[in-house]
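Grab a coffee and open the viewer. Here are some exercises to work through with the structure on screen, each with a solution you can follow step by step.

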Amino acid sequence: MVTFAVVGGDVRQLKLVQLLRQEGHKVNIAAFEKDPDFNKECMDFKNAVGLSDCVLLPIPAFTAEGYVVTQCSDERISSNALLKSLNPGSLVIGGRLGEEFESKAAELGCCASDILNREDFSIANAVPTAEAAIQIAMQQLPITIAGSKCLVAGGGRIGKQLAMRLHLLGADVTVTVRKASDAAFCESFGAKAEYTARLETLVQGSDIIFNTVPELVFDEQILAGVDKTCPCIDLASMPGGFDDEAAEKLGLVLIHALSLPGKAAPVTSALNLKKVIGRILAETAAPCH
């Protein structure tokens with residue numbers, strides 16, 4: 001059995017704690033004192049980390065200022081403080097850890113694994129993201145998904161899963177892609193595929209727009225062609241794919257829908273996390289008792 005430290009995060013991490021304990025692992029937790037079910041057993045993060053073989057961080061792990069994301073705590077844990085608490089040989093798993101953190105962990109004799117760089121996690125994570133995005137769309141639209149004109153920017157993992165489900169619900173779906181292979185995949189299940197360079201034309205007449213591209217693709221010129229009744233849902237990490245100032249100036253409805261798996265399907269997300277963590281442990285031969 002492995003001794004884990006779960007430091008910070010959201011509901012996903014709390015569900016993960018339960019799943020790991022059901023398998024017989026010892027789990028130390030820190031930065032969850034606001035949660036009524038776990039506040040009494042919260043440890044100082046230095047003790048939690050120091051007594052563990054594997055440290056599980058949130059997804060994403062750190063804020064822009066370099067502190068662990070702690071949605072259930074006011075504690076500010078810097079990445080450097082976390083590193084200083086690690087035991088040599090420890091494994092750290094989290095999302096968007098950054099090259100600097102991974103490099104410093106290696107210097108300490110530890111291994112850092114960024115779960116967002118793994119294909120198996122990304123594919124599993126795309127499903128709850130797509131379902132939650134459709135739920136948001138249903139809440140925003142005065143019409144049904146069936147018969148609506150949907151534009152999905154980006155033909156990656158999330159874009160494909162989202163477009164497929166929208167098509168099955170009866171929507172007229174167009175996906176913007178940059179690769180011919182992505183175009184072929186989307187067309188194989190009945191969606192239309194267009195190249196991203198045509199966005200300015202494609203936004204016109206859309207009932208709803210989803211963005212999955214993690215870079216600015218909807219600038220003011222493109223957004224000028226979006227109808228004010230068309231909600232724009234950004235699924236990409238901040239700063240996202242829309243020009244926020246331009247969207248506000250044009251009076252558009254822009255929704256930044258981040259960390260959807262943890263919000264909409266925390267149990268499924270925790271199960272996916274546990275599976276991938278198990279694979280990482282096997283691949284890195286983490287210390288076991």
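The exercises below deal with a predicted model, and they cover sheets, cysteines, a cavity and pockets.

**Exercise 1. Work out the strand order of the five-stranded sheet, and say which strands sit at its edges.**

Step 1: Start with the order. Reading across the sheet gives β2-β1-β3-β4-β5, the sheet is open, and the pairing is parallel.

Step 2: Now look for strands that pair on one side only. Those are β2 (26-30) and β5 (111-114), the edge strands.

Step 3: Add the twist, which averages 20° from one strand to the next.

**Exercise 2. Zoom in on β4 and find what it pairs with, and where its side chains go.**

Step 1: Take the β3 side. Strand β3 (residues 54-56) runs parallel to β4, and three bridges join the pair. One contact to look up here is Val-55, whose bridge partner in β4 is Val-92.

Step 2: Take the β5 side. β4 and β5 are also parallel, with four bridges between them. Here Gly-94 has Asp-114 of β5 as its bridge partner.

Step 3: Check the two faces of β4. Leu-91 and Ile-93 point one way, Val-92 and Gly-94 point the other way, and all of them are buried.

**Exercise 3. Do the same for the six-stranded sheet: give its order, its edges and one pair of facing residues.**

Step 1: The order is β8-β7-β6-β9-β10-β11, again in an open sheet with parallel pairing.

Step 2: The edge strands, pairing on one side only, are β8 (192-195) and β11 (254-256). From strand to strand, the twist averages 20°.

Step 3: Pick the β8 edge for a closer look. Parallel strands β7 and β8 are joined by four bridges, and Val-175 sits opposite Ala-193 of β8.

**Exercise 4. Count the disulfides, then explain why Cys-230 has no bond to Cys-232.**

Step 1: Search the whole structure. The count comes back as zero disulfides.

Step 2: Try Cys-186. Cys-186 is in no disulfide, and the nearest cysteine sulfur belongs to Cys-150, 13 Å away. Cys-186 also counts as buried because its relative accessibility is 0%, and the cut-off for buried is under 20%.

Step 3: Try Cys-230. Its closest cysteine sulfur is in Cys-232, at 5.0 Å, so the two are too far apart for a bond. The cut-off to hold that against is within 2.5 Å.

Step 4: Check burial for Cys-230 too. With 0% relative accessibility, Cys-230 counts as buried.

**Exercise 5. Find the largest cavity and describe what surrounds it.**

Step 1: See what there is to choose from. The whole structure holds one cavity of 30 Å³ or more, and the largest cavity takes up about 60 Å³.

Step 2: Ask which elements give two or more residues to its lining. These are α1 (11-22), β4 (91-94) and α12 (266-284).

Step 3: Select some lining residues, including Gln-13, Leu-56, Ile-93, Gly-94 and Ile-277. You've already met Ile-93 and Gly-94 as buried residues of β4 that point opposite ways.

Step 4: Sort the lining by class. You get eight nonpolar residues, two polar and no charged.

**Exercise 6. Describe the two largest pockets, and find a residue that is listed for the centre of each.**

Step 1: Begin with the largest pocket, at about 1,200 Å³. Its lining has 39 residues, and Arg-96, Ile-158, Leu-235, Ala-236 and Ser-237 lie nearest the centre.

Step 2: Trace the elements. At least two lining residues each come from α5 (119-140), α6 (157-168), β7 (172-177) and α11 (260-264). The biggest contribution is from α5, with four residues.

Step 3: Go to the second largest pocket, with a volume of about 300 Å³. Of its 15 lining residues, those closest to the centre are Phe-62, Thr-63, Gly-66, Arg-96 and Leu-97.

Step 4: Trace its elements as well. α3 (79-85) and α4 (99-107) each supply at least two lining residues, and α4 has the largest share, with four.

Step 5: Line up the classes.

| Pocket | Nonpolar | Polar | Charged |
|---|---|---|---|
| Largest | 17 | 15 | seven |
| Second largest | six | five | four |

Step 6: Put the two central lists side by side. Arg-96 is named in both of them.

How values were computed
Residues numbered from 1 in each chain as written. Predicted model: local features only at pLDDT ≥ 70, side-chain atom pairs only at ≥ 80, totals over all residues. Heavy atoms only, no water. Buried < 20%, exposed > 50% of the residue type's maximum accessible area, 1.4 Å probe, protein only. 1 Å grid on protein atoms, 1.4 Å probe; cavity = no way out; pocket = protein on both sides within 12 Å on 5 of 7 lines; lining within 4 Å. Points joined across faces, edges and corners; volume = space filled by probe spheres on them. Nonpolar A, V, L, I, M, F, W, Y, C, P; charged D, E, K, R; others polar. Pairing = 2+ DSSP bridges. Axes fitted to C-alpha atoms, helices over the stretch in contact; angles between N-to-C directions.
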